[in-house]
Every structure is written in structure tokens, then in C-alpha cells.
Amino acid sequence: MKLIESIKEFGGFLNRYTHDSAVCQCEMTFSVYLPPQAAIQSVPALYWLSGLTCTDDNVRTKAGAQRYAAEFGLAFIMPDTSPRGENVPDEPARYDLGKGAGFYVNATQAPWNEHYQMYDYVTRELPELLEANLPLIAGKKSISGHSMGGHGALICALKNPGAYQSVSAFSPICHPIECAWGQGCFTAYLGENQKSWQAYDAVALIEAGASLADILIDQGTDDEFLTAGQLLPEALETACQNARIPLQLRRQAGYDHSYHFIASFIGEHMAYHAKALR
């Protein structure tokens, strides 16, 4: 871990780091907000997975989460959305495939499989790195995210029972095997066999028996990607009802897909995770 930036905010520090990732085989960048409580005691962590086209910078500059992380005593962890670098494969003509669009899967298909191992990165390598180098970040953690990152948060929690104390999402891609974004990326990263896609689809995981104690989701009713059929929250709602998983799916009237929406409700999500992490 190499510290490349440190900014004092709300009594704590917003730090940015780079490191050589063995999983993604490239240099990765991530940000960590350390609340003032971390100066004297260990603190739990909330991981935030960002959406298509984003980096760690979007949430740290637009969501206003650091204020609440300081209030609740949470380390706020913000990884990138994909591997980066000159040798990393990309589709420059597409925003929804390649750099900025790792979809939090472990790619199995060339040329993506050498670098695009974002599931292992966010669930294993990055937490191990942080807990080894920042010992005041305790082992307890929760996870949240937006859009593609909401999909990532859901599958990480569903595939790792007990690893996360809570999970939430803003406008998540709930059923990627049934939407254009997911079908395009899953075909490229995972191949034509759609059975392999089910391991990275929240609805399919729940239908196969995965469970969670509770899920919190906020979805704007004026979200352009909701009306375009990319998010499919109703499929997750049905799956949770059938599996008897408590789901708080809050349809927020008039809100869109942007960080204006996230900033409006991020404090409630932080309070939800802080309660679980206590």
C-alpha cells in the first residue's frame, strides 16, 4: 500500500492508496475514509462498490458519506470498479464493458480472465490487505453499492454467509442475466454457458437457496435505467418473498439514478449499517 493522498475531513482522514494487485495483476487504486475514532480504537468497515464508468473518486466526492462515517465511527472503503493500466483489455467504444465495468465477477474468458478478477479482489484481496496494513480497521464489515456496485454488494453478501453484517444498495442491477448490461458483460467475461452466469446473479442465487437476514434497497421511481429494464427490482422482490428474506425495497418518488439520489439517502444507509455493525 502506497499512500498517495490524505485529506482531513470531519475529524478523520480521507486517504487514497495504490498497490500492486496479485489478483488483478495490475496496479489498483482505492480510497479509505478513516473516522476520528480510528485514532484511538478499532472501527468496523463499510465497503462501497461503485457503478458503471465510476472509480473510487465518484463516491468520495459526491455522496457525502464521510460525514456519516465520522458520526457513526465507520471506516468507509471505496475500491475501483475494474482493473486499470495499458495492458488491461478494454472496449473503448463501450462504457458497459471493460475498464470501469468489471461487474464484480471473476472472468473466465480470454482476454478478460488475466486481469478481471474483481470478485476475488473485493471479497478477499482488498480486505486482507487493509486488515494487515491498517490494523485499526476491525474484522467486522458490511457492504453497499450503487447500480453495478449494488449488484456487486448483493452477490458478495449472498455468496459469503456471515462475512458481512449487513447489505444495502441504491438502484442495483438485481437480475443481470435478464438485462442487456448483464448479458453483454457476462457473455464476454464468463462465456456463452448461461448456467455459469447464475453464480453472479442475486435473483438466481436466492432461488438456489442463498439467504440474508435483511436487505435495504432504495430505488428512484424516475430512474431512466429502471424504465429501460436494466435494474429489475421486482424480480428481486419476488425472489425474496418466495424465500422469506426480509427486503426493504423503498421506491423513492421522483428520484433518478444519480449521486443526487444517493446523497439524499446515504445517511440512512450508513445508520442502517452502523446499527448492524454494533
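What is the length of the polar contact that joins the side chains of D56 and S31? The views below take up this contact and other local features of a predicted model. In this predicted model, local features need pLDDT of at least 70 and side-chain atom pairs count only at pLDDT 80 or more, while totals for chains, interfaces and linings use all residues. Residues are numbered from 1 along each chain as its sequence is written, and side-chain values use heavy atoms, with hydrogens and water left out.

**View 1. Surroundings of D56 in helix α1 (residues 56-62).** The side chains of D56 and S31 are joined by a polar contact of 2.5 Å (a pair of N or O atoms within 3.5 Å; within protein, one must be able to donate a hydrogen and the other to accept it, and residues adjacent in sequence count only if both atoms are side-chain atoms). D56 has a relative accessible area of 1% and is therefore buried (under 20% relative accessible area, with exposed over 50% and partly exposed in between; 1.4 Å probe, protein chains only). Apart from neighbours within four places in sequence, the residues in contact with D56 are R16, T29, F30, S31, M78, P79 and D80 (contact means heavy atoms within 4.5 Å).

**View 2. Helix α4 (residues 148-159) and the residue S147.** Helices (H or I, at least four residues) and strands (E, at least two) are DSSP runs, numbered from the N terminus. From first to last C-alpha, the twelve residues of α4 reach 16 Å, close to the 16 Å expected at 1.5 Å a residue (1.5 Å times one less than the number of residues). Eleven of the twelve residues of α4 are buried, among them M148, H151 and C156. S147 lies in the loop between β6 (137-145) and α4. Its phi is positive, about 75° being the value for T53 and about 60° that for S147; neither T53 nor S147 is a glycine. S147 counts as buried because its relative accessibility is 3%.

**View 3. Backbone at T53 and P111.** T53 lies in the loop between β4 (43-49) and α1. The peptide bond from A110 to P111 is cis, with omega near 0°, and P111 belongs to the loop between β5 (75-79) and α3 (118-133).
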